[in-house]
Amino acid sequence: MSSIAAAPAASAGTRRVLADVIARPSSRARAFALDAGLVIAGATIVALLAQIEIPLWPVPITGQTLGVIVVGAALGAWRGAAALTTYMLVGLAGLPVFAGFTGTLAAVGKPSFGFVIGFIFSAFVAGWFAERAWDRRPALAFVGFALASIVPFLFGIPYMAFILNVVMGLDLSFGELLQAGLLPFIVGGLIKAGLAAAIIPGAWALVRKVDKTKD
């Protein structure tokens, strides 16, 4: 039986994601264990990519967003969100998974922490598009992943404004906040969306190629 055929049936309106190509265990306990392993693996990938960093104030440029999109698309909406929730929680618990090999509860006081919260929803959005097969063609994948890349800013910029202006009392203008938390990241975000739009459809092409050899 082919790997795609062995995957479980998707719910109405959705398609299988890459993680569903893995043959699913017959028992619920084993299926849960596999999903848990995928979630932990996803969190680990994001943690590793977080260490690719270009220092900027108040928010550094990192490889996290690429990891978030790839993990969300590969695992699907809910498992992707679970992976990023796990990433956030283990970082707050003290494991060095955040950028710069940091991890502490004090991270909630950093201007950049709102982006970490936004990553959870970004992974969900990337997974949502993947479940509708947008991840199988580079052009559609790029559009979906670019939209997913916007999500962290919806959380990150207001959070950054609160920390900088309310907590730290800097009184930055809206334009200054955008200059600090948005404008330097636009080009990089598009590049990372483009990379994800090459990686995920490329993985699907490989799956289809392998699947044909089994027929």
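The following exchange asks how descriptions of this predicted model are reached.

Me: What makes up the chain, from the N terminus on?
Reply: The chain has eight helices and two strands, and from the N terminus on its elements run α-α-β-β-α-α-α-α-α-α. Of its 215 residues, 44% are buried, while the chain exposes about 10,700 Å², with carbon and sulfur atoms supplying 72% of that area.

Me: Why is Ser122 called buried?
Reply: Ser122, which has its place in helix H5, has a relative accessible area of 0%. Buried means under 20%, so Ser122 falls within that class. Not counting residues up to four places away in sequence, Ser122 touches Val68, Ala148, Ser149, Val151 and Pro152.

Me: Why is Tyr159 called partly exposed?
Reply: The relative accessible area of Tyr159, a residue of helix H6, is 22%. Because partly exposed covers what lies between under 20% and over 50%, the value of 22% places Tyr159 in that class.

Me: Which residues is Tyr159 in contact with, leaving aside its neighbours within four places in sequence?
Reply: Tyr159 is in contact with Val108, Lys110, Pro111, Phe113, Gly114 and Ile117. In the case of Ile117, the two residues are 42 residues apart in sequence, yet their C-alpha atoms are 9.6 Å apart in space.

Me: How do you know that Ile150 is partly exposed, and where does it lie?
Reply: Ile150 lies in helix H6 and has a relative accessibility of 45%. Since this value is neither under 20% nor over 50%, Ile150 counts as partly exposed.

Me: What makes Ile150 eligible for a nonpolar patch, and which residues form that patch?
Reply: A patch takes residues with over 30% relative accessible area and no salt bridge, and the 45% of Ile150 meets the area condition. The nonpolar patch on the surface is formed by Phe121, Phe142, Val143, Leu147, Ile150, Leu154, Phe155, Leu183, Ile186 and Leu190, which together have about 860 Å² of accessible area. Helices H6 and H8 (186-214) each supply at least two of the patch residues, and the largest share, six residues, comes from H6.

Me: What makes the phi of Ala133 worth remarking on, and is the residue buried or exposed?
Reply: Most residues other than glycine have a negative phi. Ala133, although it is not a glycine, has a positive phi of about 70 degrees, and it is found in the loop between helix H5 (113-130) and helix H6 (138-167). Its relative accessible area is 15%, and because that is under 20%, Ala133 is buried.

Me: Why is Asp171 called exposed?
Reply: The relative accessibility of Asp171 is 67%, which is over 50%, and therefore Asp171 counts as exposed. Asp171 lies in the loop between H6 and helix H7 (174-181), and it too is not a glycine but has a positive phi, of about 60 degrees.

Me: How do you know that the span of helix H2 is close to what is expected?
Reply: Helix H2 (residues 28-49) has 22 residues and reaches 32 Å from its first C-alpha to its last, which is close to the 32 Å expected at 1.5 Å a residue. Its buried residues include Ala31, Leu38, Val39 and Gly42, and what covers the buried residues of H2 includes helix H3 (64-75) and helix H4 (77-92).

Me: How does H4 fare when its span is set against the expected one?
Reply: H4 has 16 residues and reaches 23 Å from first C-alpha to last, close to the 22 Å expected. Among its buried residues are Arg79, Leu84 and Tyr87, and their cover includes H2, H3 and H5. H4 is followed by Gly94, whose phi is positive, near 120 degrees.

Me: What makes a set of residues a nonpolar core, and which members touch the most others in the largest one?
Reply: The members are buried residues of nonpolar kinds, such as Leu and Phe, joined through side-chain atoms within 4.5 Å. In the largest core, of 46 residues, Leu84, Tyr87, Phe98, Phe113, Val116, Phe145 and Ile200 touch the most other members. H2, H3, H4, H5, H6 and H8 each supply at least two residues of this core. Apart from it lies another core, of six residues, among them Ala161, Leu164, Leu172 and Ala180.

Notes. Residues numbered from 1 in each chain as written. Predicted model: local features only at pLDDT ≥ 70, side-chain atom pairs only at ≥ 80, totals over all residues. Heavy atoms only, no water. Helix = DSSP H or I, 4+ residues; strand = E, 2+ residues; numbered from the N terminus. Buried < 20%, exposed > 50% of the residue type's maximum accessible area, 1.4 Å probe, protein only. Areas by Shrake-Rupley, 256 points an atom, 1.4 Å probe, with all protein chains shown as cover. Expected span 1.5 Å × (residues − 1). Contact = heavy atoms within 4.5 Å. Patch = residues over 30% accessible without salt bridge, like charges linked within 9 Å, V, L, I, M, F, W, Y side chains within 5 Å. Salt bridge = Lys/Arg side-chain N within 4 Å of Asp/Glu carboxyl O.
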